[in-house]
Amino acid sequence: MTRPWNFSAGPSALPLEVLEQAAAEMTDWQGSGMSVMEMSHRGKHFTQIRDEAVADLRELLSVPQDFEILFMQGGATAENAIVPMNLIGRNNAGKADYILSGSWSNKSYKEAQRYGDIAVAASSGSDERIEDLQQSPWTWFPSPDTWKVRPDAAYLHLCSNETIGGVEFNDWPDLADLGAPDVPLVVDASSHFLSRPIDFSKVGMIYAGAQKNAGPAGVTVVVVRKDLIGHALPICPSAFDYANVAQAGSMFNTPPTYAIYIAGLVFKWLKRRGGIAAVEAENIRKAEALYGFLDRSEFYQNAVHPSVRSRMNVPFFLKDESLNSRFLSEADARGLLQLKGHKSVGGMRASIYNAVPFEGVQALITFLQEFERQHG
Ligand SMILES: *Cc1c(COP(=O)(O)O)cnc(C)c1O
């Protein structure tokens, strides 16, 4: 019996090989006589697990030496507060700018308002004509030449993959070209982290909750340039001060040891698959197959502008929405799980993260075709 294909947006599918390795090591990690859950985080076993996870991630993403890799807690939601608490005090202006492109960036923007003078640099929250297409709010991404970045902002924040809206923007500009050479770009990359390379020359920091594409819930990966560390506001909790976390090797307090261990197994799985370039090529192939099918169909539709469609999260609608519940129950029966769209958008959403192979996307397309044939 084959395992069902899991299209959840998060927590989401993990590679079967990783789950099987974790199962095999559950009661005795590599002859230690202990489960990873039962080890002291300061002992030699877990220290090795942490060190390998950091080194593998650095290698996978070619993270430059002037960036720290931190494992934190609280998810990307906590980072919405942790980022301003750490960065807004970098200069004396107390300002930060945000690009609004959907649900997650809006949440980041709202939370940041508690910590300083926060402005919108650009927003896709209105209708826009792009080329010959009329785009509704949050289905497009503001072009960098329209961004208004204050040169004295402590940072500019954007969400590079809006998990709910299915909008992905990876063409990060050099902020010097926008008249803001001293403003670092801060990116919430939660839902496409490890799906494609990252150009660290363009960013000051990125963060990602692991449970989308990198591991289980409970650990947040932060990759932050060293010069941005050490400016935390006095109100910043010590455990959330990047300086403390970096200095303690992500062990300022007890880290989420099991989540780090599983994320570490995912990093090794990615390396075995040929690294991020190979994984990206597969992700492009998967996304092209699915969007290509949706575009050719009269029965389904996707509303996102083609230039910024997410390779990871594919929201789509049945033109006849009265068929939605039937669609979901038939999909479920076919072993195609968790396709229901987010409640704020409706319709369906297929999240096709790294752990969903081309074969899973193919199985989804086959089902979409059959359902259309029966009900179209
Ligand atoms: C899921 C998600 C979040 C929130 O993550 P939590 O772990 O629930 O805090 C934030 N940003 C993006 C882009 C996400 O996909």
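The following exchange goes through the ligand shell and one helix pair in a predicted model.

Residues are numbered from 1 along each chain as its sequence is written. In this predicted model local features need pLDDT of at least 70 and side-chain atom pairs count only at pLDDT 80 or more, while totals for chains, interfaces and linings use all residues, and side-chain values use heavy atoms, with hydrogens and water left out.

User: What makes a residue one of those around the ligand, such as Trp104 or Lys212?

Analyst: A residue is near a molecule if one of its heavy atoms lies within 4 Å of it, and the residues around the ligand include Gly75, Trp104, Cys159, Asp188 and Lys212.

User: What makes the approach of threonine 163 to the ligand a polar contact?

Analyst: A polar contact is a pair of N or O atoms within 3.5 Å; a polar side-chain atom of threonine 163 lies 2.4 Å from an oxygen atom of the ligand, so the pair meets that limit. For threonine 77, an N or O atom in the side chain is 2.5 Å from a ligand oxygen atom, and for alanine 76 a backbone N or O atom lies 3.2 Å from one. Taken alone the ligand exposes 390 Å², of which the protein buries 86% (accessible areas by the Shrake-Rupley method with a 1.4 Å probe).

User: Why is helix 8 called oblique to helix 9?

Analyst: The axes of helix 8 (residues 324–333) and helix 9 (residues 358–375), lines fitted to C-alpha atoms over the stretch in contact with angles from 0 to 180 degrees between N-to-C directions, come within 11 Å and cross at roughly 135 degrees. Angles under 35 degrees count as roughly parallel, over 145 as roughly antiparallel, 65 to 115 as roughly perpendicular and the rest as oblique, and therefore helix 8 is oblique to helix 9.

Note on methods
A polar contact is a pair of N or O atoms within 3.5 Å; within protein, one must be able to donate a hydrogen and the other to accept it, and residues adjacent in sequence count only if both atoms are side-chain atoms. Helices (H or I, at least four residues) and strands (E, at least two) are DSSP runs, numbered from the N terminus.
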